[in-house]
Amino acid sequence: MNAGDRVRVERAAQTYEGVLLPSSTPEHLVVKLDGGYNVGIDREDASVDVLESDVYDVESAQDEQGQSAIEFDDDLPTVSLISTGGTIASTVDYRTGAVTAQFDAEDVLRAVPDLAGMANYRGRVVANILSENMTPAVWQELAQAVHEEIEAGADGIVVMHGTDTMQYSASALAFMLDTPVPIVFTGSQRSADRPSSDNVMNAVSAVEAATSDCAEVLVCMHADESDDRCALHRGTRVRKNHTSRRDAFETVGAKPLGEVDYDIDGESTVTFRRAYTERDSVDLALHDDIETDVELLKFSPGMDTALLETAAESSDGIVIEGTGLGHVNTDWIGTIEDLDIPVVMTSQCLEGRVCDRVYDTGRDLLDAGVIEGEDMLPGTAKVKLMWALANSDDVADTMQEPQAGEIQQRSTPWL
């Protein structure tokens, strides 16, 4: 009995029939059922009959360099597919049953055959991690890989990423790269073995966006609960606002930058509602130096200043999520003034702009040296501060000037 065999497993009066997949533990069998779901079965007291041998090839096509390319058509654009892990990359996991996906262009086309004929594809693995395990070091590796792929002639980049921290990684690349081509992050809220999976539509729409004229870092995910549109969010203005819905991502303070009207017959269209950086209008450049010792603190009533002091001891900068227009308890102000590091104020409110000139607390915070974060999202502000500390001679000015669309000139919603 080997992975790839078709088997019938009986245990506890239940019968399961399907393709045997590799298992992460010797105590369990993993079987892909005909309906597409995977089931794990305790080997103890289970009887297994092999119905047919080697019905499914579970060998990896990954080469030693972590890259692959399929046969090229000179009439099609070239899109580099870069994997960092996450649910959308687990389409490969579910195909092979492996705990760590072996991802390349061929794997993606097997998992999402709808992509065939849209572009030439190159595949590359940067990481294979759950997105909660993402680190600034991986952001740097990802930025370097994207830079190399564009240098090698890619007309667009699709980054497949877990959804939980996608907004942080998208922000990081938006600051680290001047790009002449689109860089599109996409993921999947629901894995490929679920009937409601969003992986196919998101992947197809991301490739459409990657071949568009918008040379920015974008996040491409479902626009609503239906399977007809994907929203294109600017990477520095997007936030995951729901734990499990397919349309979990929203642009904060405005409608999405654009949309992909998904057509199952391959006639999808990309439209944009606001100005964007056009393809080939900037030269490719990499600015991937970052200062990793930056903390993001969320203020809440009664919060001890000792937390701020402890965070500051080992940090080169702090971003605070304040209340309302950007406030903290007045007891914090003296501590902030004594800190010898940049302190950026953002707001816990989902909409609007920090303005510390309205109330006495805000004015005192400005006198203490706090940098207003304008209408930046707190997570984006943290990433930007990490980048600014390593790339700017005047951190305060850099934090208050838009670098990658992270600050809107006016807080006017729904444009």
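Here are some numbered notes to help you find your way around this predicted model.

1. **The overall picture.** Let's start with the whole chain. The program assigns ten helices and 22 strands to the chain. The chain has 415 residues, and 51% of them count as buried. Now think about contacts between residues with a separation of 6 or more: 68% of these join residues 24 or more positions apart.

2. **The largest core.** Which residues touch the most other members of the largest nonpolar core? They are Val146, Leu173, Ile183 and Phe185, in a core of 47 residues. Several elements give two or more residues to this core, among them helices H3 (136–151), H4 (166–176), H9 (378–391) and H10 (395–400). Strands E9 (156–160), E11 (183–186) and E12 (217–222) are also on that list. The core takes at least three residues from each of two domains, domain 2 (78–286) and domain 3 (294–400). As background, nonpolar side chains tend to be buried together in soluble globular proteins.

3. **A second core.** Besides this one, the model holds a separate core of 26 residues. Its members include Met160, Ala210, Leu218 and Leu257.

4. **Phe185 in close-up.** Phenylalanine 185 is a good residue to click on. Its place is in strand E11. Is phenylalanine 185 buried or exposed? Its relative accessibility is 0%, so phenylalanine 185 counts as buried. Leaving out residues up to four places away in sequence, its contacts include Leu142, Met166, Ser169, Ala170 and Leu173. Phenylalanine 185 also touches Val217, Leu218, Val219 and Cys220. Another partner to look for is valine 159: the two residues are 26 apart in sequence, yet their C-alpha atoms are 4.6 Å apart in space.

5. **Helix H3.** This helix has 16 residues. From the first C-alpha to the last, H3 reaches 23 Å, close to the 22 Å expected at 1.5 Å a residue. Its buried residues include Trp139, Leu142, Val146 and Ile150, and also His147 and Glu149. After H3 comes glycine 153, which has a positive phi near 110°.

6. **Helix H4.** How many of the eleven residues of H4 are buried? Ten are, and the helix is mostly covered. The buried residues include Met166, Leu173 and Phe175, along with Gln167, Ser169 and Ser171.

7. **Positions marked in a record.** An unreviewed UniProt entry gives the feature "active site" at Thr87, Thr163, Asp164 and Lys240. Let's look at two of these. Aspartate 164 sits in the loop between E9 and H4, and it is partly exposed because its relative accessibility is 44%. Lysine 240 belongs to strand E14 (residues 238–240), and it counts as buried because its relative accessibility is 16%. Apart from residues up to four places away in sequence, aspartate 164 touches Ser131, Glu132 and Lys240. With the same sequence neighbours left out, lysine 240 touches Thr163, Asp164, Gln167, Gln189, Ala248 and Phe249.

8. **Cysteines without disulfides.** How many disulfides does a search of the whole structure find? The search finds zero. Cysteine 220 shows why one pair does not qualify: its sulfur is 4.1 Å from the closest cysteine sulfur, in cysteine 230, which is too far for a bond. Cysteine 220 is buried, at 0% relative accessibility, whereas cysteine 355 is partly exposed, at 27%.

9. **Two backbone angles to check.** Alanine 12 is not a glycine, but its phi is positive, at about 50°. This alanine 12 lies in the loop between strand E1 (6–11) and strand E2 (14–21) and is exposed, with a relative accessible area of 61%. Glutamate 374, also not a glycine, has a positive phi of about 55°. Glutamate 374 is in the loop between strand E22 (371–372) and H9. With a relative accessible area of 18%, glutamate 374 is buried.

10. **A threonine in H7.** To finish, find threonine 335 in helix H7 (residues 331–338). Threonine 335 counts as buried, at 13% relative accessibility. Its contacts, not counting residues up to four places away in sequence, are Thr305, Leu308 and Glu309.

Technical notes:
Residues are numbered from 1 along each chain as its sequence is written. This is a predicted model: local features need pLDDT of at least 70, side-chain atom pairs count only at pLDDT 80 or more; totals for chains, interfaces and linings use all residues. Side-chain values use heavy atoms; hydrogens and water are left out. A nonpolar core is a set of buried Ala, Val, Leu, Ile, Met, Phe, Trp, Tyr and Cys residues joined through side-chain atoms within 4.5 Å. Buried means under 20% relative accessible area, exposed over 50%, partly exposed in between (1.4 Å probe, protein chains only). Helices (H or I, at least four residues) and strands (E, at least two) are DSSP runs, numbered from the N terminus. Domain bounds come from an automatic or database domain assignment. Contact means heavy atoms within 4.5 Å. A disulfide is a pair of cysteine sulfur atoms within 2.5 Å. The expected span of a helix is 1.5 Å times one less than its number of residues. UniProt positions are given in the numbering used here, feature names are shortened, and annotations may be inferred rather than shown by experiment.
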